[in-house]
Amino acid sequence: MPDSQTPASRGGVRLARGASPWLLPTVATAALSLARARKSGRWAAVAVPTTALAAGMLWFFRDPEREITQGRVISPADGVVQSIMPWKDGRTRVAIFMSPLNVHVNRAPLSGTVTSVEHIAGGFVPAFNKESENNERVVWHFDTELGDIEMVQIAGAVARRIVPYVPQGTKVEQGERIGLIRFGSRVDIYLPEGVEAAVEVGQATTAGVTRIDRD
């Protein structure tokens, strides 16, 4: 299924869907300040920070192509493994912290059918804080060859908007883009009982590339 792209991607740079509300005003302001800077010193002073901000936005909302790794469960997010925790029901939760410098597009950890996409209101404490478990979040469930797989996108202090790309009932391929968390945050993936984590706390992960489970 092809992914829609923002207008800016037509020039050869792919940008994340859902970036427009932040990106377009910033780029427009930078373009205006640069145009007026030619005639005004005051606008020249404004052009420097606005252009830097626009460049930062373009970097934050980049959406690179990936060669998807073969494996049962692959990372849904770019970031660093924050914790690996056994759950009461036998599952293992792998929490991946995403900094503002990471790619913010999340990908399907397995092929399957999206059986649920639930938005849950909450707070906006930093994603590395334990209380972030009560943050604004979107809970995904996938029907896969391993059974039900749960993934949670968690908003942070800066990332206050989660943008799902696909609705309930959609069949997705492993590594397919499924959503965006604007700026940094956290993504949790729950490995089913009997499946061990192959990653370690502190290990960097790449969405669609890093394998999460162990044979």
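In what order do the eight strands of the open sheet line up? The order is β8-β4-β5-β6-β10-β2-β1-β11, and the pairing is antiparallel. Please keep in mind that you are looking at a predicted model. Here is a friendly tour of the chain as a whole, then the sheet from its edges to its interior, and finally a stop at one helix.

**The chain as a whole**
- The protein chain contains two helices and 11 strands.
- Reading from the N terminus, you meet the elements as α-α-β-β-β-β-β-β-β-β-β-β-β, with the helices ahead of the strands.
- The chain has 215 residues, and 46% of them count as buried.
- Its accessible surface comes to about 10,600 Å², and carbon and sulfur atoms account for 56% of that area.
- If you take the contacts between residues at least 6 apart in sequence, 67% of them join residues at least 24 apart.

**Edges of the sheet**
- Strand β8 (171-172) is one edge of the sheet, and strand β11 (204-205) is the other.
- Each of these two edge strands pairs on one side only.

**β1 and β2**
- In the sheet order, β1 sits between β2 and the edge strand β11.
- Strand β1 covers residues 79-86 and strand β2 covers residues 92-98; the two run antiparallel and are joined by six bridges.
- Proline 86 has threonine 92 of β2 as its bridge partner.
- Threonine 92 also stands opposite leucine 191 in β10, so to speak a meeting point for your eye as you move along the sheet.

**β10 and its neighbors**
- Strand β10 spans residues 185-191, and seven of its seven residues are buried.
- Which residues of β10 are buried on each of its two faces? On one side they are Ser185, Val187, Ile189 and Leu191; on the other they are Arg186, Asp188 and Tyr190.
- Both faces of β10 are therefore covered, with each of these residues under 20% relative accessible area.
- On the β2 side, β10 pairs in the antiparallel sense over seven bridges.
- With strand β6 (residues 147-155), β10 also pairs in the antiparallel sense, here over six bridges.
- Within that second pairing, glutamine 153 has valine 187 of β10 as its bridge partner.

**A stop at helix α1**
- Helix α1 runs over residues 20-37, and alanine 37 belongs to it.
- Is alanine 37 buried or partly exposed? Alanine 37 is partly exposed, because its relative accessible area is 21% and buried means under 20%.
- Valine 48 lies 11 residues from alanine 37 along the chain, and their C-alpha atoms are separated by 9.6 Å.

Conventions: Residues are numbered from 1 along each chain as its sequence is written. This is a predicted model: local features need pLDDT of at least 70, side-chain atom pairs count only at pLDDT 80 or more; totals for chains, interfaces and linings use all residues. Side-chain values use heavy atoms; hydrogens and water are left out. Helices (H or I, at least four residues) and strands (E, at least two) are DSSP runs, numbered from the N terminus. Buried means under 20% relative accessible area, exposed over 50%, partly exposed in between (1.4 Å probe, protein chains only). Contact means heavy atoms within 4.5 Å. Accessible areas come from the Shrake-Rupley method with a 1.4 Å probe; for residues, only the protein chains shown count as cover. Two strands pair if DSSP finds at least two bridges between them.
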